[in-house]
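Student: I'd like a close look at one part of this model, please: its nonpolar surface patch. Could you take me through what makes it up and where its residues come from?

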Amino acid sequence: MTNAPEREALGTLLRHVLDVLDGDVAAVYAERGLADYRPRFSPPLRVLVADGPLPIRDLARRVGVTHSAASQTVAQMARAGLVELTPGADARQRIVHLSDRARELLPLIEAEWAATTAAMRELDAELPVPLADLLHEVLAAVGRRSVRQRIADAGLPSSPSPGQPQVAPHR
């Protein structure tokens, strides 16, 4: 891999890995005439296939993302004609439904998901530990003790000492 971020820039490195993986999956869709389909659409789409229409909050919980992230993804999916939104029990709730276009694309999306799963298993065989296993271990470790706490324990004061300048918030 060329132009990889430095080893200590973990956030940048994680985003770079995700960009490379998602970029290749997006290219697969584009090669098949679905340039408007994003890899991030597959998890919500698969949940909607399995569970039927859901409020965005429930969809977010089932996919494992924040409500905000799910709402943004659903908005993109609606622009791509993959989902439709209807009012829920109150004015704030929106129910997400698969569109006819999404149902038509399901065979291709499910075939891509299966092929990507197989490709990731092949990649995992080249790694010292399967990538998903490692990422779940990372989440468990930071669940036990946050990176914020680890930074504080490494010696960075949690707040400026008296007499030290306080950095103004970015606007």
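**The nonpolar patch**

Tutor: Happy to! Let's start with the main contributor: α6 provides the largest share of the nonpolar patch, with four residues. This helix spans 131–144, and α7, covering 147–153, joins it in supplying at least two residues of the patch. Taken together, the patch consists of Leu134, Val138, Leu139, Val142, Val147, Ile151 and Leu156, and its area is about 590 Å².

Leu156 deserves its own stop, as its place is in the segment after α7. Is Leu156 buried or exposed? Its relative accessible area is 52%, and because exposed means over 50%, Leu156 counts as exposed.

Now a word on confidence, since this is a predicted model. The chain has a mean pLDDT of 91, with 91% of its residues at 70 or more. Among the elements of the chain, α7, one of the patch's suppliers, has the lowest mean pLDDT, 92, while the highest, 97, belongs to helix α4 (residues 67–79).

Helix α4 also leads us to another feature to set beside the patch, the second largest pocket. That pocket holds about 230 Å³ of space, and its lining consists of Pro55, Ile56, Arg57, Asp58, His67, Ser71, Asp90, Arg92, Gln93 and Arg94. The elements giving two or more residues to this lining are α3 (56–63) and α4, with the largest share, three residues, coming from α3. For the patch, by comparison, the helices to keep in view are α6 and α7.

Notes:
Residues are numbered from 1 along each chain as its sequence is written. This is a predicted model: local features need pLDDT of at least 70, side-chain atom pairs count only at pLDDT 80 or more; totals for chains, interfaces and linings use all residues. Side-chain values use heavy atoms; hydrogens and water are left out. Patches are made of residues with over 30% relative accessible area and no salt bridge: like charges are joined within 9 Å, nonpolar side chains (Val, Leu, Ile, Met, Phe, Trp, Tyr) within 5 Å. Accessible areas come from the Shrake-Rupley method with a 1.4 Å probe; for residues, only the protein chains shown count as cover. A salt bridge is a side-chain nitrogen of Lys or Arg within 4 Å of a carboxyl oxygen of Asp or Glu. Buried means under 20% relative accessible area, exposed over 50%, partly exposed in between (1.4 Å probe, protein chains only). pLDDT is the predictor's confidence in each residue, from 0 to 100. On a 1 Å grid over the protein atoms alone, a cavity is a set of points where a 1.4 Å probe fits but cannot get out, and a pocket is an open set with protein on both sides within 12 Å along at least five of seven lines; lining residues have an atom within 4 Å of a point. Grid points are joined across faces, edges and corners, and a volume is the space filled by probe spheres set on the points.
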